[in-house]
Structures are given as C-alpha cells and as structure tokens.
Amino acid sequence: MSTTVSFVPLATLPEQESAYAQFNEDLTLHELSHYLPAQAPLKDFIHHNTLHAFQQKKFFDALRIASTKFGYKVSLSIEEYREYFKEGRINEKCLEETIARRKGKHLIGIWKEKLLNGNFQTGALPRIGMLRANWKKCYQVDMDSMVHPTLFRLVCSYLDQGISSWQFPLQDRNFLNSLREMEKNSFTSFFKSKRVSKLFVENRLELTDLLSMLVGDEKYFSQYLFDQQFAHQGWSGMVATIETQPQTLIDSRKITLKDFILFELLLELDAMDRHHGVGKWRPLSSVMKEAPTDLFSAVPPTEYFDAVTIFQESLEWSYYDEVLAGLVMQQRRQRPKHMKSFQAMFCIDDRECSLRRYLEHEDPHCETFGTPGFFGVEFYFKPIDGQHLTKLCPAPVNPKYLIKEIGQGAKREVDPHFSKHTHSIYGGWLISQTLGFWSALKLFVNILRPTGSPASASSFKHMNKDASLTIEADEKLIQEDGLQVGFSLQEMTDRVEGLLKSIGMVKDFAPLVYVVGHGASSVNNPHYAAYDCGACSGRAGSVNSRVICFMANHRGVRNMLADRGIHIPDTTHFVGAIHDTTRDDVDYFDVQALSPELATMHKKYAAAMNRALDRNAKERSRRFEYVDSSRPMDRLHQEVRNRSVSLFEPRPELNHATNALCIVGRRNLTEHLFLDRRSFLNSFDYQIDPEGKYLLNILKAAAPVCGGINLEYYFSRVDNQKLGAGSKLPHNVMGLFGVANGIDGDLRPGLPSQMIEVHDPVRLLIIVEHYPDVVMKTIQSNDATWEWFRNEWVNLVTIHPETHELFVLRNEELVTYEPTSKVHYAENIERVIETRMDNLPVYSI
Amino acid sequence: MNTILPVFILIPLLGFVTSLFVQRKAETAMSRVAFVTLATHFTLLLGYSVWWIWNGHVPFDEKDLIIYKSEAYEFFIDLCFDKINMVYMLTGSFLVMLVTIYSRYYLHRESGYKRFFNTLLFFYSGYTIAILAGNLETLFIGWEILGISSFLLIAFYRDRYLPVKNAVKVFSIYRIGDVGLILAMWLSHHLFHENITFFKLNNYELVHEHLQTHSLTGVLLSLMILLTAAAKSAQLPFSTWLPRAMEGPTPSSAIFYGSLSVHLGVFLLLRTSPFWEHQTSVRVLIGLLGLVTAIITTSIARVQSSVKSQIAYSSAAQIGIIFIEISLGWLDMALIHFAGNAFLRTYQLLVSPSVVTYLIREQFYSPILRKKTFEDLLPKRVSHTLYMLSLKEWNLDNAMYRYLWNPLKLAGKKLDFMTPKRSVIFFIITFISGFLLLMNESLMSEGLHHFLPFLFSTIGLILVLKSFTERKNVKLAWMLVIMNHCFTALAISFNEHYTMSHNVLYLSGILLCGGIGYLTIRRLRLKGNNIDLDRFHGFSFEYPLLAFIFILACLGVSGFPITPTFVGEDLIFSHIHETQAGLALFTALSFILDGLAIIRIYARIFMGPHVKSIYDMGYRSS
C-alpha cells in the first residue's frame, strides 16, 4: 500500500497553437517536470497515479490526450475487450446500459455492433518525437544513438549512490559545475567539437541560445524540449524528482532538470558538429520540409476512444455490480457484544483483506478493523547505529517527531560478494581463486535449499524487537535533528483518540487488542520498497504498531481518554505485531509485559492467528502456477515462505495485483463476502461521525493512496512497455536508485510485468457507508479530494446505512443504483481456491 | 568411435533437438527436458572424470568421424580429453545445470520461455563441441554455434531496439574472431599439410621442424589465434562488447558473458599453447595484451555505476590476468583462475538485483564519507583525465566504429550506382565470361591466370560490401551475398584443377538456402509489407514462422554446419596457396562480411520494435 505526492499545477498546458510562439522557459520547464514520470529512487518507491499530470482532466479525456500526444497505450486493446466480452467478464447487460448512458438508448443496436465487430482507426503516430525525427530525415543523423549513451552514463555516475569504486569527482558541486570543472581541468574533453567545449567552459549559455542554434525558430522550442526529454523520460523524470525532493537520495546531489537539458543540448550540438562540421549545418526549423503537428494543440474526440470508454466502463461495472449486489444482499448480523474474544487492527491494505476473513473464521468471536498502516502516528525513525532518518508515515506528511531505537542493535551480516574488492585487479585475482569456489557451492545450496541471506530484504529486520524505543517525550521536550524526541502526553492522547474514533472502536474493548502492521520480505528484488507498507512510506509498519500500542497502554493517556469519553478498561492491553505479507508470518512485540492471564489468552489467539495465516498462504498460493494448493498445509505454507528467500523467484508475492475496491464502513458490510483479496478495507462507523469529520480524513488519504496504487497498476498493466517497467528479468541496477535494461538504456519507472500480469485494469470503486448528503458534502469540502471523484479517476458509491440504498456518483451527482447481479453462496471456498487461478467472482460465504 | 567422448556431445544435442518439439506453452516439459539433459550430462561427466583421474589421467585423442575425404584432403571430427577440457567441461556443465534449475522459475510466464531453453541447449551443444574438439575444424563448428546462439540470447528481447543493436554489435566482434580462426586453419593446413590435431602439437619435434622452415607462417598463425582469443575473451581492443552483451535475462548474462562464453578465448590459448610456447615474441605479446587489458578495463570497472557493467569489466580484467598467467606458462594456475572467476562472476550477476537492498542498508548505517581512492593522490588534471577517459571507455567503442565499420560503410556508399538491374546484368556477364575462361584455361597467359582468382575474389568482396551497406533493397542485398559465394567459388577454381564436386559441395547449401531466403522475403512482400534495410521492422512479432525459416536460410548461406557448405568452405580454403596471402585475406574478409550482411538483413527485417504496433512497443531508448 502506498501514497502519492500531491502536485499543484502552476498552469495548465495551453491547447492553442500560438500559445508557445513566445518561449517561456520557466513555464516549459515546470510543465516538463510535471509531465515526466514522478517516481522516486527505488528505496522510496511509492505508488502514484502514473498519469498524475492529467488529473485535472476527466479520466477518459485524459486517456485520449495522453495517448495521442505521448503515444501511451492507455487501455486494453479493442481485441482484448472483445475477448473479455466473450469470456463473460464484460456482461452484455452492462454493455448495453453503458451504451445507453453514454450514447443514448436508441443507439444501443448500432453501437453494440460497432463495438463487437466494427473497425476502428488506430495506430496514428503519436505527436511526441515528430519534431526531433527531422534530424534523421534532413541530416541522416541518429541523434539519440550519438547522445544518449554519454548522457546517461554521466548523469548516472554523478547520481550514483554507491556502486562505483571510484566515485564521481567533485560531486559536492552541482551537476553542471562539476562537469565544467572537469572539462576545464583535464587533457581530454566531453566533446569532439572545440566550439562546443569552448561554449561550455566559458559558461555563457542560456537555454534559448542553445535552442536557437539547434532548433532555430522560437515557436518550436517548447515542443523540441518535450521531444528531447520524452526520448528518455526515465532519466529526465529521475532528475526532475531529485531536483524537487533532494532528500530522497541519502547521499544528496544538486541537479536540476534545466542543467540536465543544457548539457544534453550541448551534446546534441557536438553531435551535429561532429557529423557535419562546424558551420556546415543549419538549425532544424530552417531545413525541415513540413511542420510537425503541434504537440500542444487540442486533441479532438474520436470514435475509437468512445469505444474504449464504453468498453472500459462496462468492464468495470460488470465487476462492481456483483460487489454491490453482494453488499446489499448481506444479512446484517449484529454480533452479541459480550462475547468478544479479542480485537485486531490491520492496515487497509488489500493484502490483509483475506487474513482478516480467516482470522474471523478461526475465532468467530474476534473483531477486526482496518485503518492506514501507520496507525495515526507520524514520525521519523532512527534505528541504532542508523546515520539517517526514515520517515514512517504517508509520504506527503512531514512529521515533527523522532522515535529512536536504543539498546542493543542487531548485528548486520556481511556478504563479500558485494565487496568492491572483487573489482580491483589484485583483489579480484585473490578473491576469484578462493571465494570463487565458495560462490559455486553457495549458489548450488541456495538453488536447492533457499535460505535468507544478508542481501535479502526482510520485514522483521526493520526494527530490533528487543531494543526499546523513545516514545514518550521527557518534560524538556528534547530536540534532535530539528525534531522533538517522542510525543508528549497530550500528543499521544490525540493520536490514540483519532485512531480509535476514525475506525469506530470507542467502547466494548476486548481484553487483547492487536495492532498489526505489515511488511514484506524478498530477495533479488530492486523493487522491494513497493512491497512494504506505503502508509509508512514504503517501509514495514512494525515501529508504528509498537508505538501506538505503547501510547494506548499508557496510564496517563488512558486517563485523558476517559475525560474525552473513551473508557478503555484496565483489563485491556494493546499488543503490537507485524505481519509479513510474503511469508505469512506474524511476530508480536513486548508480549513479556502481558499479565499471566493475558499471556494465556494471547497464546490461544496467536494459535488462531497461525491457523489463519496458514489458510491465507493457501489462498495466495492459488495464483502461483507451480504451487499445488491442495498440498498439506504446513508444506504448502513452507513453500510460500521459501519464495521470499529464493534468488530465482521474481514473484515472491503479488502485492496489490487485482485491487479494485475500497470499502469504507463497518465490518458487517463485508464480513460474509468473499472478495478475493481485491479490496482495501477501512473501518468506519457513521454513528460516531455524523458530521463526516473523520470520514474526510479517511477519504483525503484513501483517494490518493488507494487510487494511486490502483492507477499505477492500471497503467503498468495496459502499457507495460511505456508506462510500466517491462519484464524485470533483464533489469540492471543503475546507481542504486533505478533500473534499466542492459547497460545503456533509459531508466524504467513503473511496475515490472511480473507484478501486474494477473491484474485486471479496472479503476478503484470507493464504497462509503454513510448518508449520501453527508458523503457528498464531505468529498466536496476538499478540492484535491474532490478532483479525484469529479474527474472520475476513482468511482464512488455510497450505501445508505439504514435503507441500504445505493447511490453512485455520476456527473457530480449521486444517483440511485440497483444492482442486478446474483451473488452465489460458496459452500466450499477451499475447493474453489484449490482449483482456480483466475479472478474469482464475489461469493457469499 | 571408441570412447564415451561423443556421448558428451550427443547428450546436449539430443536435448536440444528434443526441446524443439516441446509445445510453446509447456513450461514444465521444457524445463524438464533441459534439466534432465544437464543433470545426466553432469553426472556422467563427473563419474567419467573421476574414473579418468583414477586411471592415471592420461590425455588421449580420437578421430571420431570422417566427414569428407579425398586424396589430399580429409575433414574429420576429432575429440580429445585432458585436464584442460575436463575443467572446462565440469565448470560449464555444473553452471549450466544450475542455471536451468534457476531459470525454470525465473523465466516463468516469459513469452520467450521455450526460445530461451532452446537457445540455452543449443549454446551448450556448441560449448561441448568446442571444448572437446581435438582439431581446429571441430573447434570451429562449436565456435560458430556459440556465435549464433550468443546473438540469439543477447537479442532475446527482440522487440526492443537496444538488445538487437547490441546483439549485432557483439556478433560483428565475434565475426572478427572468426576471421582469425579461418585464417589460422588455412595457415595450419599449409604448415602441416593436414588438418592437424591439437594433440600432435604436443609433439615438439614435429612442430619445431615445421616452424623452422616457415617461421613467418608460424608467427602469423599464432597471431591469428591471439586475435581470435582476444575477440572472444573481451580483451583489448574488443573489450566493450562484454557489458553490451548483458541485454538478455539475468541468468543468461550470468552464465554466458559472466563465465562460459567469455573464457573461450582463454581456452583457445590453453589448447594451442604447445604450438606457440616456443615463440617468445608471441608469448610476450600475449602477456602484454593481458596486462594492458587488465589495467584499462580495471580503470573502466572502477567508474561504472551500474552493477552489470561493473562485473563485466572486472571479469575482463581478470581474464587479462589469466592471459598473463598463460604467457608465463602457468597453465594450471590459469585453469584454477578460470574456474574461480567463472563461478564468482556468475554468482555476482545472479544476485546483482540484491545490490540495492544490501548497499542501501550499508549506506544507511554508515556515515557519508567520500572514500579516498588512490586516484586522489594524482594531480587533479591527471585524475580528471583518467576519470573522463574511463567513463568514455577509453573511446574503444567509438574506435570500433571509426576505424572499422565506418570506412566499410563509406566504401559501400560509393557503390550506390549498383541498382538491382545493373547488378544482375553485371553478374551474368562477368560470371559467364569467367566461366568461359575457366573452361578454356589453355588459352590464357600465365600472368592472366595468376591474376584472375584475385580479380574475381575482389569482385566478390565488392558485392558483399555493397550488400552489407545496402539501405533500401532487401532482395538486392540478399542476392549480392549469394553472388559473392559464386565468385569465390569461381576465383578458387582458377587456382587449382580441383574437381567440380568441391564446388558443388560448396555451393549446394548456399544456393538451396539462398533460394529459400529469397522466397521468404518475397512472401513477406506479397503480404503487403514494405521492407527496406534502413530501420528495424520487427516482423518476428507478426510472422514468427517466417522468421524461423529465414534464420535457417541465413545459417545455411553463411556456412553454418547444417549444410555441406560448411565443409566446402574449409575445402575451398585449402585450395588457396600459401603464397596467396592476399587472396586468403580477401576470401576470409568476404566470409566475414557475408555473415555480417546476412545477420544484418535478418535483424533489420525480423527484429526490433514491430513497425505496425507502435503502441505495444517499448521506447527506442528503453
């Protein structure tokens, strides 16, 4: 689960031809960095809407514009949709309804025929790259081949976080200055052309000067820069991201998109001088025969995109309708309160959806909740011996607190295979003849019996559970690194109150309340951060769960809570835990503090948890082709665990693949539904929040967080080559911050194909249980949140808590909706799990 | 066939052929075939090696299969076994076995799953042939298989631009190595008047006797071997191909470019060391080449900021040191070093994606200090220069273009006047007149008779040069390649009165495959596709079957050991006199260009991003 960085556009991209006749450097640079991929370095991998730059447009308009301008594939192909229709995954009734809604009832026949059998005009060349294609047309110069290798290598070496043995000299200066210093003070040059070298050294450059030399006519400047940067959007995006968030590199660098572009323009100038001779060529605009289509001009609607719209909506509603039918059909069973055994809080993450179901099944008297996995406590974390801070809360939040780990730090193991000495002459000589043979053995053992190694990422390694944490601030409110160490009593109480109220857990506490964070384990996986909890900025949620439990168990906090109307009985104890979503293991924190009585209970509940984990592992295993899900449980679970430490396993787990729903409401809405791990579940009780105050906070986070995850999966799935990272098998780690194919390719942001292949590209449906007018008022009260709903980047349905009527948001209004699907009762869900690999329908269980 | 040796070649070959018949989607069947093949191979090999060592480890050699024989010429498959190929076989077999297990899971659901295992087994068949080879001819068969399977593995992601571009690049370097090997074979024919086995080279008297009378030939032969070894083992000036080969799935990069393929140059040197070990100048040269490579590639490795290129350059540096060890005569040490380096680099490449987790954690727990390196002791100006040069790979990659390919392209451009029509007319006229002259040799003067082979081979070379640089007409480029072969045959026919059957042997495969290739191109055009050679078209995306047929045709035309042409090629060379170094060079060059032109045609038509599916393809830079 992860979050997005919110972005406020300075201005929107003008859509009139003349708008850029006057080149506005700042505006163009700003726009560029807005449209470039915004993925941070690997260690901070955070899911976000891949097309975030288009978010102020309606979803389907954005698709059309993005596709026409940038050549992205933005939906399934018509053939794929037709295939879905044949398989029944797009149902006919939904298709007809969508046509009626979008085109009018009278056109159902015509459009259905068109959709299922017609021909659509596709495959026109995208606008991006048209202008720069003239280099090859007019001069037979393959500009990209001449410029890219040098440019990529230079910027990668400058940004490198610790791969190279001999680091970039002068890296404390900014990118351009360090290069200039090297150019000045050396016997060789970055350029072949003396003229270009002189230009660079004398530092008399402006973007416009270089553009005049290369491009000529000012009206093409902006388009040229877009063409140029989108020829390697991975690298440009990384530069732009580091410019705006320098703290995302541990070893920081000063680089700006402008400097990067300047240097690229110089290399292009050099390439032309080299190829044609100084003064023997003229700028592009004066030699090209015809003007390219203006990149920025308006994109008219086409029949093809209308078809995409109808198909996509039908696909989505074919699924949504089942879910909604299931929700309405639910028998509301209010459980007798006095029989509560324990309560457990999980992250809203879709991966916890099935575990909660199994836990409730193993112990029918327990109660589970879902809430963002930082559990309302935001802070930076500094582990023992850590030299830097780790943010443990959603990325856009800037915490003022520091939690330090104190005591005995865990020993870090060393693996000599990653040692730089293997790359030196003498070291390499010595090591290859000694350690080399050890590697052979190690490889052999590791392939036959996978075990963890110092190189693997493990959710349990994130924090040493035997060390203690500085959670409570002392009276002096000590500051460190500009942050307050720990929380004051008041601050702790606020956070516990906020958490409990937002999930509706304000009375009838069970003796044991578990707070379960989550993380993941994997090896040989550069995208490891994407597997952890995004509400904790791509880290495991262990520290947060421990911190909130300490607060909730604190005597002073409980007293203050009681004053605020929340009475937690003395017999109730909060226990922190971490769930490893890859291995399906749970580890508990500070259990030695439990009273003997509670300890006995804990033992019993932990056993139930283990059984639930086994079954959860089994349910997950149905997606793994080589795993036989009907194997005996312990073996099966071990096989699932092995995936997290197998070097050769590109799919240790499937993350958020298939996510499609976010349900905000009480658990009894979904308790008896089999949702196939496709839903984010956020607990919320409308009775406690009649005004929608807590609801706003939930939706403010859920729309961008869950919506961001969902859309990143959507776009990586529909265009894995351009918007995703392609297959991860040939990936090569660049400078520890990105991956590329081979050694001289562009960086590949987005998700690798192994993560998205089972994903069905449907937008997120957020379902809120509250009165429609309250929901409407709530979402409109925050502009950024409202944009997500208004522009249809996520869909919204509200469910009336009393009448159970459904309302769907269409054209900024809530209108009633009546589901027509029939949801079947699954007698033996285990059997279904053992036999099927594909997405399952909604079952009632 | 008197021992078990051929079995070690037949097992992977059988595995390869079986694997071709596995269904495309049947992952389990596919990986099982590969695993059973390799496991059987490794077990047998291990048992055999133990048995062999136990029984006194006597090296032996055997003539296994005579493929072609005439009075003066014999082409035979010869295998041998000693500690050198024992180590190479065991290392190779062990690593490939591990990689098959590894890839069973790693490549799961990859669209080229079957293709990967096919190529892997093909590669391994070539490897065993090359390693067990007892003479240069047998080695060459394996060598060719390795070249083509390397090309296919690097271009595994054939829908993307860069892998295909790099695959062609690597193939062209390999082809330079091939020219060395062809010329080495030619020279050794003339030196020893037979297809000499490596084993006979151990006979000091024999070698010494021949070398005394032909010391220049001896040195040339050693140089050709060194050229081949340097190209294959990524030594200077060829080092830059190695990191660029890292385009396929990580396990294939690990095993081929991290370990097996790249150590074959070392193998060639080890194999032929009895021949050159008495030539001090050659040994000094090998040592120096190794030393310079070790230093230069280490400097490049030190500035690499991507994991795979760093490992590639460090590996090349270690191979440089192995070269030094060999030149010093420390062959056993070189063998140990080879195995250790192969294991280490394979493992490092396989765990390379983990580097992020490991080093980021390391970085998090240690204060940021700029590490002092020895370069800091140098004057700023020198150290900057060194850094910039290392980053630019000492311009080695550019130099390849500048001094090798660009002049060829420039020369080819001068031939733009050759339209398809003119070419055909020219070909018919010259070829027929040449043929008539051949029929009436008695009428010619001595001088003309000497001159004609050279003339015709020059014409052949010019034709293939044009083919290599042709940008528009595919059919023309393809036909020119075939014409080149005809001229080569014609040229050599003047040289010696050998029977027509040699020519038939040589041209049969070429004409057959040439025809098939031509029809494939025609078919593609009939389907309404506009093809030129100016860009990649990626038609394998749309017509995988045509692509497969066409590559078979390509292999046949380029003298790959699937048609009699392969033997014919060697045969033709044996008819070039020792005094005709120019003719040998020209013929060798046209073979090389030939292979390049053909692979270029294949790559341009069938590989790269598919022209009609822009929305499904990756960026050019990706």
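Which residue stands opposite A:Phe674 in β22(A)? A:Tyr843 does. The model behind this report is predicted.

## The small sheet of chain A

The pair A:Phe674 and A:Tyr843 belongs to the contact between two strands, β13(A) and β22(A). Strand β22 of chain A covers residues 843-844. Two bridges link β13(A) to β22(A), and the sense is antiparallel.

These strands sit in an open sheet of three. The order is β13-β22-β21 in chain A, and the pairing is mixed. At the edges are β13 (673-674) and β21 (824-825) of chain A. Each of these edge strands pairs on one side only.

## The five-stranded sheet of chain A

Chain A also has an open sheet of five strands. Its order is β2-β1-β9-β10-β11, again with mixed pairing. Why do β2 and β11 of chain A each have one side without a neighbour in the sheet? Both strands, β2 (367-371) and β11 (585-588), stand at the edges with a single partner strand each, so one side of each is left free of a neighbour. On average, neighbouring strands here are turned by 25° against each other, direction ignored.

Strand β1 of chain A spans residues 342-347. Five bridges join β1(A) to β2(A), and the two run parallel. Within β2(A), A:Glu367 is the residue opposite A:Gln343.

## Helices on the five-stranded sheet

Two helices can be placed against these strands. Helix α16 of chain A, residues 353-362, lies across β1, β2 and β10 (573-580) of chain A. Its direction is at about 165° to β2(A).

Helix α19 of chain A, residues 542-553, packs on the sheet as well. It touches β9 (512-519) and β10 of chain A. The angle between the directions of α19(A) and β10(A) is about 175°.

## Helix α13 of chain A

Helix α13 of chain A runs over residues 257-276. Does its span agree with or depart from the value for 20 residues at 1.5 Å a residue? It agrees, because 28 Å is expected and the end C-alpha atoms are 28 Å apart. A:Gly277 follows α13(A), with a positive phi near 90°.

## Chain B as a whole

Chain B holds 25 helices and two strands. Its radius of gyration is 25 Å, close to the 25 Å that the globule rule gives for 622 residues, so chain B is as compact as a globular protein of that length. The C-alpha trace spans about 85 × 65 × 60 Å along its principal axes.

Of the 622 residues in chain B, 58% are buried. Take the contacts in chain B between residues at least 6 apart in sequence: 79% of them join residues at least 24 apart.

## Helix α14 of chain B

Helix α14 of chain B has 21 residues, 307-327. From first C-alpha to last it reaches 31 Å, close to the 30 Å expected at 1.5 Å a residue. Of its 21 residues, 20 are buried, so α14(B) is largely enclosed by the rest of the structure. Just after α14(B) comes B:Gly329, with a positive phi of about 90°.

## Where the chains meet

How many residues of chain A are in contact with chain B? The count is 91, against 85 residues of chain B. Three elements of chain A give two or more residues to its side: α7 (143-159), α17 (425-448) and β15 (731-734).

Helix α17(A) gives the most, with 15 residues. By type, the side of chain A that touches chain B divides into 37 nonpolar, 37 polar and 17 charged residues.

Conventions. Residues numbered from 1 in each chain as written. Chains lettered and ligands numbered in written order. Predicted model: local features only at pLDDT ≥ 70, side-chain atom pairs only at ≥ 80, totals over all residues. Contact = placed C-beta atoms within 7 Å. Helix = DSSP H or I, 4+ residues; strand = E, 2+ residues; numbered from the N terminus. Nonpolar A, V, L, I, M, F, W, Y, C, P; charged D, E, K, R; others polar. Pairing = 2+ DSSP bridges. Axes fitted to C-alpha atoms, helices over the stretch in contact; angles between N-to-C directions. Expected span 1.5 Å × (residues − 1). Rg over C-alpha atoms; globule rule 2.2 N^0.38 Å. Buried ≥ 20, exposed ≤ 12 C-beta atoms within 10 Å, placed from the backbone.
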